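This report looks at one protein chain, its sheets, its ligand site and the way its parts meet. Please view the sequence and the structure before reading on.

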Amino acid sequence: MEPILQVHNLTMDFGGLRALNRVKLDIREGEIVALIGPNGAGKTTFFNCITGIYKPTGGDITITPPGKNSLRINGMKANRVTEKGLARTFQNIRLFPNMTVLENVLIGRHVRTRSGILGAIFRPPSVKKEERETAEHCYELLRKVNLAPQVNELAKNLSYGAQRRLEIARAMATDPFLLLLDEPAAGMNAMETLELDQLIRRIREEDRISILLIEHDMKLVMNISERIFVMDYGSKIAEGSPMEIKQNPLVIKAYLGEETHADD
Ligand SMILES: Nc1ncnc2c1ncn2[C@@H]1O[C@H](COP(=O)(O)OP(=O)(O)OP(=O)(O)O)[C@@H](O)[C@H]1O
């Protein structure tokens, strides 16, 4: 079976700085994969290239959504990439702070709804039905991320951990086949991180969404990932199972001087 995401020799230059150097990575359907590496290794730049925020300098990005044909997405605009089934969250949370929790998810769902401007003005029964179904679907997503009691709360009033879960619900509202999570556990306490671990597993099992996560919390990474890719200075330096990665001398060297928690 084709990998659902195939990245070949991805390269990204910012002026004289090579932030990504011929990076190769693939993800198979149903996998939970982590992308790790010291600060500045190029992880977020990798996400930004995949999701259409940056146009890569070189290389190929190909997706094969389950049951569909392969498609090269290099340089495709971010909203088109989302339509094609890649959704993401951001390292610096990007919610609409003055909108409610439900409204934030409804906006994510917009990419999958049909009614246009005329429908919004005249609101025939078909549009009302779609609106009702959309709201129900978004509510279900909020229930999944444990935010149902706060549907009418403004996003800015949520705790940091809850805002991260809301970002996940919003990304899921776009019906992705692959979810990219950029440091989902950042700012979470141990209990919230454990809940996040369970949530990611549920998303994979119940919604059949594959996951690629960037994460610095090594305990979470080692617990949850089937495979791990390690980057340093823009290049991939290792790839393997959590056990292989823990023992890889290149990885240990890259992290020397940084505090790691692989054996916590
Ligand atoms: N828009 C940009 N313009 C110029 N340089 C950039 C830009 N975005 C990232 N960089 C540089 O590219 C390199 C990789 O940065 P990136 O944010 O991808 O690393 P990272 O692995 O995600 O780090 P962290 O774990 O700290 O988030 C860094 O040297 C960074 O300064």
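What distance separates the centres of domain 1 and domain 2, taken over C-alpha atoms? The answer is 26 Å. The model is a predicted one.

**Domains**

Domain 1 covers 1–85 + 176–264, and domain 2 covers 96–174. Twelve residues of domain 1 and ten residues of domain 2 make up the contact. On the side of domain 1 that touches domain 2, α2 (78–83) and α7 (190–207) each provide at least two residues. There α7 gives the most, with five residues. By class, this side of domain 1 has six nonpolar, two polar and four charged residues.

**The six-stranded sheet**

One open sheet has six strands, in the order β6-β7-β8-β3-β9-β10. Its pairing is mixed. β6 (86–88) and β10 (235–240) are the edge strands, and each pairs on one side only. From one strand to the next, the twist averages 20°. Helix α1 packs on this sheet, where it touches β3 (32–36), β6, β7, β8 and β9 (227–232). The direction of α1 makes about 145° with that of β7. Within the sheet, β7 and β8 run parallel and are joined by five bridges. L179 stands opposite I211 in β8.

**The four-stranded sheet**

A second topic is the open sheet of four strands, ordered β2-β1-β4-β5. Its pairing is antiparallel. Here the edge strands are β2 and β5 (71–72), each of which pairs on one side only. Five bridges connect β1 and β4 in the antiparallel sense. V7 has I61 in β4 as its bridge partner. Helix α1 lies across β1, β2 and β4. It runs at about 70° to β2. Thus α1 touches strands β3, β6, β7, β8 and β9 of one sheet and lies across β1, β2 and β4 of the other.

Two strand pairs are set out below.

| Strand pair | Residues | Sense | Bridges |
|---|---|---|---|
| β7 and β8 | 178–182 and 210–214 | parallel | five |
| β1 and β4 | 5–14 and 58–63 | antiparallel | five |

**The ligand site**

Which residues surround the ligand? They are F14, L17, A19, G37, N39, G40, A41, G42, K43, T44, T45 and Q91. In this shell, β2 (17–27) and α1 (43–50) each supply at least two residues. The largest share comes from α1, with three residues. The shell divides into four nonpolar residues, seven polar and one charged. Helix α1 therefore appears in three settings: it supplies residues to the ligand shell, packs on the six-stranded sheet and lies across β1, β2 and β4.

**A171**

Is A171 buried or exposed? A171 belongs to helix α6 (residues 160–172). It is buried, because 24 other C-beta atoms lie within 10 Å, and 20 or more count as buried. Leaving aside neighbours within four places in sequence, A171 is in contact with A87, R88, T89, G108, P176 and L179. L179, one of these contacts, is the residue opposite I211 in β8. E31 is 140 residues from A171 in sequence. In space the two are 18 Å apart, C-alpha to C-alpha.

Note on methods
Residues are numbered from 1 along each chain as its sequence is written. This is a predicted model: local features need pLDDT of at least 70, side-chain atom pairs count only at pLDDT 80 or more; totals for chains, interfaces and linings use all residues. Domain bounds come from an automatic or database domain assignment. Two residues are in contact if their C-beta atoms, placed from the backbone, lie within 7 Å. Ala, Val, Leu, Ile, Met, Phe, Trp, Tyr, Cys and Pro count as nonpolar, Asp, Glu, Lys and Arg as charged, and the others, Gly among them, as polar. A residue is near a molecule or strand if its C-beta atom, placed from the backbone, lies within 6 Å of it. Two strands pair if DSSP finds at least two bridges between them. Axes are lines fitted to C-alpha atoms, for helices over the stretch in contact, and angles run from 0 to 180 degrees between N-to-C directions. A residue is buried if 20 or more other C-beta atoms lie within 10 Å of its own, exposed if 12 or fewer, and partly exposed in between; C-beta atoms are placed from the backbone.
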